[in-house]
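Please walk me through this model in the viewer, one selection at a time. What should I pick next, and what will I find there?

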Amino acid sequence: MCSQEGDDYRLLKEYANGFMVSQVLFAACELGVFELLAEALEPLDSAAVSSRLGSSPRGTELLLDTCVSLKLLQAAVRGGKAVYANTELASTYLVRGSPRSQRDMLLYSGRTAYVCWRHLAEAVREGRNQYPKAFGIPSEELFSAIYRSEDERLRFMEGLQDVWRLEGASVLAAFDLSPFPLICDLGGGSGALARACVSLYPRCRVIVFDIPGVVRMAKRHFSAWEDERISFHEGDFFKDPLPEADLYILARVLHDWTDAKCCHLLQRLYRACRTGGGVLVIESLLDADGRGPLTTLLYSLNMLVQTEGRERTPAQYHALLAPAGFRDVQCRRTGGTYDAVLARK
């Protein structure tokens, strides 16, 4: 086998085994491996981990050693036995108590998104999301499917809180939002992005606008409502009156919907927006030619299997914003997962 052929074959195997890597990560999170090791007073051997998790000795040892190979855990030998501890990566991103934890989003990905991705070929053939095949539920009302149970709604909200806790400040700093004293975060969920906003711009006030079930859960399970600068408003942003504001934030919203529904929503925002105000779109932007970055292309396929929408290029967002009346459309790349598009009324 020549060098190039060997490289190509290794790359093919890496791609083919990618789902196994994801499942190792998801399983270790679900079982509580990283929390257990974070709370332990010293590194633990596989027998101790197995006993405390109630998992099989053989399966536990295999999972722990694979996590070591993936640099999620570190191993040392003591008294002739391997003992395990979290790496810095795991301590930072995979332990629930960490301020930068992504554990809840990973659990959502493993329990929901991964199940839908099993039906990617059908999604490509049919051009629609796969909630009926994945979970046996109708998907005509998109968020009735996404929030198919109270537990699922909470899991989704916790996952987004992880995202904005890590990336909210950088994307909100892409433009200076201090000229907008009253901000409305449409589909703002738990209020995590609103908290990042008032932290970065202490003089602003933020209205979190979301459907009644989400608002009730935000007040029951999350703490953003305790900040007097943040208020919650119940409603459907496609149908109900929108609060007047200087700036509307659409974070991971437009990628859920068809162009037609996006245009309808943006027209409603334009009418409600104060003169001189604007809209901030926060999404993962495709390159101008639509063929990268890879992460954004994968997110776009995720929209296919889970929603009605897709990720878009800057030009495609401009084509949605301009007909609604918005002008001076500017795009800023943040260097992170999510980018910012600001347009003015």
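Select C331 and V341: C331 stands opposite V341, a residue of β10. This is a predicted model. Now widen the selection to β9 and β10. The two strands pair in the antiparallel sense, over 4 bridges. They form a hairpin, with 6 residues between the strands. Pick G335 in the turn; its phi is positive, about 85°.

**The seven-stranded sheet**

Extend the selection to the sheet that holds this hairpin. The sheet is open and has 7 strands, in the order β6-β5-β4-β7-β8-β10-β9. Its pairing is mixed. Which are the edge strands? They are β6 (230–234) and β9 (327–332), each pairing on one side only. From one strand to the next, the twist averages 20°.

Go to β4 and β7 in that order. Residues 182–186 make up β4, and residues 245–251 make up β7. These strands pair in the parallel sense over 4 bridges. Highlight I183, and then L247 in β7, which stands opposite I183. Strands in a sheet are held in pairs by backbone hydrogen bonds, in either a parallel or an antiparallel arrangement.

**Helices across the sheet**

Add α11. This helix lies across β7, β8 (273–283) and β10 (339–344). Measure angles against β8 if you like: α11 runs at about 130° to that strand. Next, show helix α13, residues 212–221. Helix α13 lies across β5 (205–210) and β6. Its angle to β6 is about 150°.

**The second largest pocket**

Keep α11 on screen and add α12. Both α11 (150–172) and α12 (192–200) supply at least two residues each to the lining of the second largest pocket. Which helix gives the largest share of that lining? α12 does, with 4 residues.

Now select the full lining: Q161, W164, R165, A192, R195, A196, S199, H221, F222 and S223. Colour these residues by class. The lining has 4 nonpolar, 4 polar and 2 charged residues. The space in this pocket comes to about 170 Å³.

**A cis peptide bond**

Move to G292 and P293. A cis peptide bond joins them, with omega about -10°. Where is P293 found? P293 is in the loop between β8 and α15 (294–306). For context, most peptide bonds are trans, and most residues other than glycine have a negative phi.

**K71 and the three-stranded sheet**

Select K71 for the backbone angle. Its phi is near 65°, a positive value in a residue other than glycine. K71 lies in the loop between α5 (57–69) and β2 (73–78).

From there, bring up the sheet that includes β2. 3 strands form this open sheet, in the order β1-β3-β2, with antiparallel pairing. The edge strands are β1 (44–45) and β2, and each pairs on one side only. Helix α5 packs on the sheet and touches β2 and β3. The direction of α5 makes about 115° with that of β2.

Zoom in on β1 and β3. β3 covers residues 81–86, and 2 bridges join this strand to β1 in antiparallel fashion. Select L44 as well; its bridge partner in β3 is Y84.

**The whole chain**

Zoom out to finish. The protein chain is divided into domain 1 (4–94) and domain 2 (167–344). Colour each domain separately. How many Å separate their centres, taken over C-alpha atoms? The separation between the centres of domain 1 and domain 2 is 37 Å.

Technical notes:
Residues numbered from 1 in each chain as written. Predicted model: local features only at pLDDT ≥ 70, side-chain atom pairs only at ≥ 80, totals over all residues. Heavy atoms only, no water. 1 Å grid on protein atoms, 1.4 Å probe; cavity = no way out; pocket = protein on both sides within 12 Å on 5 of 7 lines; lining within 4 Å. Points joined across faces, edges and corners; volume = space filled by probe spheres on them. Nonpolar A, V, L, I, M, F, W, Y, C, P; charged D, E, K, R; others polar. Pairing = 2+ DSSP bridges. Axes fitted to C-alpha atoms, helices over the stretch in contact; angles between N-to-C directions. Contact = heavy atoms within 4.5 Å. Domains from an automatic or database assignment.
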